[in-house]
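Notebook open, coffee poured. Here is what I looked up, entry by entry.

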Amino acid sequence: MHYTGPVYRHPLEANTPILEITYGCSWNKCVFCNMYRDVKFGASPIEHIKEDLQELSQIYPRNLRKILVANGNPFALSTKKLLEISDLIRKYFPEISVISCQTSIRNIMHKSQEELNQLYEAKYDDIYIGLESGCDDILKLLNKGYTSDQEYETLEKLKNSKIRYIALLMGGAGGKEFRDAHIKDTAKLLNTYPPKMISIITTGIATGTGLAKMRDNGEFVQLTEREIIEDEIALIDALDVPNSTYFYGHHQNNIARVSGHMKNKEKLIEGFKQKIEDFEKNQPEILETSLVREYL
């Protein structure tokens, strides 16, 4: 298999085969991220893709239903290229029903409604989008390269195309300054365009990143672990999404790991409250600190 630099995938995709069609990140300017700092963005040669599909076909059954195309921003490729890759995938795995990937609002927003409709027909679905937040101040702080208006416009096109998305959010992304706005604006965005799944990760501040410098000079004040958990409770409480929406809170960065469908909203909230009680009983000092997280 041709893999260039680090390869990332959501924990729930641990058993999904990964096909590299791009490497690195087409933006690579978010202040919190060091995933692809040493990898220049590029597109995989079509011959490499063919060779990798041939190799995957020796491992996975012909009736494989889902594949993950990597790495950072596959939707940065032209629609023509993505359709060509879809045709290749379905040549080897004719029963593929979902071609998933991780991408950004920046990459999707440049595609027309017609293009997104075509991509849906070509089996692109269940795409992971690093929204991080629905708050403009936080998007600017994190240097995401788009605004909340562009989030709304892009998710509207996705909705019209029937492509489902997974919302990747950063707990505590606004720090102390934008804490309340982070919850309010993010809930509003998700309520307007409900995702298939909400996946939240506590913000990690890796050494050498722009966010680390902002923390060190006082521009960014981290939330305590108690505040992070309280904000997860507040977000869930503010959400009005379909019962089928799944809330995933089991990322390794999260000290309070609670997951479940939104039909069990109250149970999720009680789960987080119980985590606070458990820490207060056994490790109370943790709740009033900000743990060091050197990874996303």
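**Entry 1: strand S7 and its neighbours**

I began with Tyr128 and looked for its bridge partner in S7, which turned out to be Ile166. The model I am reading is a predicted one. Tyr128 led me to the pairing of strand S6 (residues 127-132) with S7: the two run parallel and are joined by 4 bridges.

Next I turned to the other pairing of Ile166. In S8, Ile166 stands opposite Met197. S7 and S8 also pair in the parallel sense, here over 6 bridges. I then followed the chain from S7 through H7 to S8, and this β-α-β crossover is right-handed.

Is strand S7 buried or exposed? I went through residues 165-171, and 7 of the 7 are buried, so S7 is largely enclosed by the rest of the structure. I also sorted the residues by face. In a regular strand, side chains alternate between the two faces of the sheet. On one side of S7 I have Tyr165, Ala167, Leu169 and Gly171, and on the other Ile166, Leu168 and Met170. Both faces are covered, as the residues on either side are all buried.

**Entry 2: strand S4**

I moved on to strand S4 (residues 66-70) and noted it as mostly covered, with 4 of its 5 residues buried. Which strands does S4 pair with? S1 is joined to S4 by 3 bridges, and the two run parallel. Strand S5 (residues 98-103) is joined to S4 by 4 bridges, again in a parallel arrangement.

For my own orientation I wrote down a contact for each pairing. Ile18 has Leu68 as its bridge partner in S4. Ile67 stands opposite Ile99 in S5. I also traced the connection: S4, helix H2 (residues 79-92) and S5 make a right-handed β-α-β unit.

**Entry 3: a cis peptide after the strand**

I checked omega where S4 ends. Ala70 and Asn71 are joined by a cis peptide bond, with omega about 10 degrees. Asn71 is found in the loop between S4 and H2, and those two elements belong to the right-handed unit I had just traced. I flagged this bond because most peptide bonds are trans.

**Entry 4: positive phi values**

I then looked at backbone phi. Most residues other than glycine have a negative phi, so I kept a note of the exceptions I looked up.

Asn143 is not a glycine, yet its phi is positive, at about 60 degrees. Where does Asn143 lie? I placed Asn143 in the loop between helix H5 (136-141) and H6. Its relative accessible area is 32%, so I wrote Asn143 down as partly exposed.

Lys162 also has a positive phi, near 80 degrees, in a residue other than glycine. I found Lys162 in the loop between H6 and S7. Its relative accessibility is 58%, so Lys162 counts as exposed; the cut-off I needed here is over 50%.

**Entry 5: aromatic pairs**

How many aromatic pairs does a search of the whole structure find? I got 4. Among them, I looked into Tyr152 with Tyr193, an edge-to-face pair at 6.1 Å centre to centre and 65 degrees between the planes. This pair links distant parts of the chain, 41 residues apart. I placed Tyr152 in helix H6 (residues 148-161) and Tyr193 in the loop between helix H7 (179-192) and strand S8 (197-202). Tyr193 has 11% relative accessibility, so it counts as buried.

I also looked into Phe247 with Phe272, which is edge-to-face at 6.1 Å centre to centre, with 90 degrees between the planes. Phe247 lies in strand S9 (residues 246-248) and Phe272 in helix H10 (residues 265-282), so the pair ties together parts 25 residues apart in sequence. Phe247 has 0% relative accessibility and counts as buried. Phe272 is buried too, with a relative accessible area of 0%.

**Entry 6: a patch on the surface**

Last, I went looking on the outside. Which residues make the nonpolar surface patch of about 230 Å²? I listed Met1, Tyr3 and Val7. Met1 is found in the segment before strand S1 (18-20). With a relative accessible area of 30%, Met1 is partly exposed.

Conventions: Residues are numbered from 1 along each chain as its sequence is written. This is a predicted model: local features need pLDDT of at least 70, side-chain atom pairs count only at pLDDT 80 or more; totals for chains, interfaces and linings use all residues. Side-chain values use heavy atoms; hydrogens and water are left out. Patches are made of residues with over 30% relative accessible area and no salt bridge: like charges are joined within 9 Å, nonpolar side chains (Val, Leu, Ile, Met, Phe, Trp, Tyr) within 5 Å. Accessible areas come from the Shrake-Rupley method with a 1.4 Å probe; for residues, only the protein chains shown count as cover. A salt bridge is a side-chain nitrogen of Lys or Arg within 4 Å of a carboxyl oxygen of Asp or Glu. Buried means under 20% relative accessible area, exposed over 50%, partly exposed in between (1.4 Å probe, protein chains only). Rings of Phe, Tyr and Trp (its six-membered ring) pair if their centres lie within 6.5 Å; planes under 30 degrees apart count as stacked, over 60 as edge-to-face and the rest as tilted. Two strands pair if DSSP finds at least two bridges between them. A crossover is right-handed if, with the strands pointing away from the viewer, the path from the first strand over the helix to the second runs clockwise.
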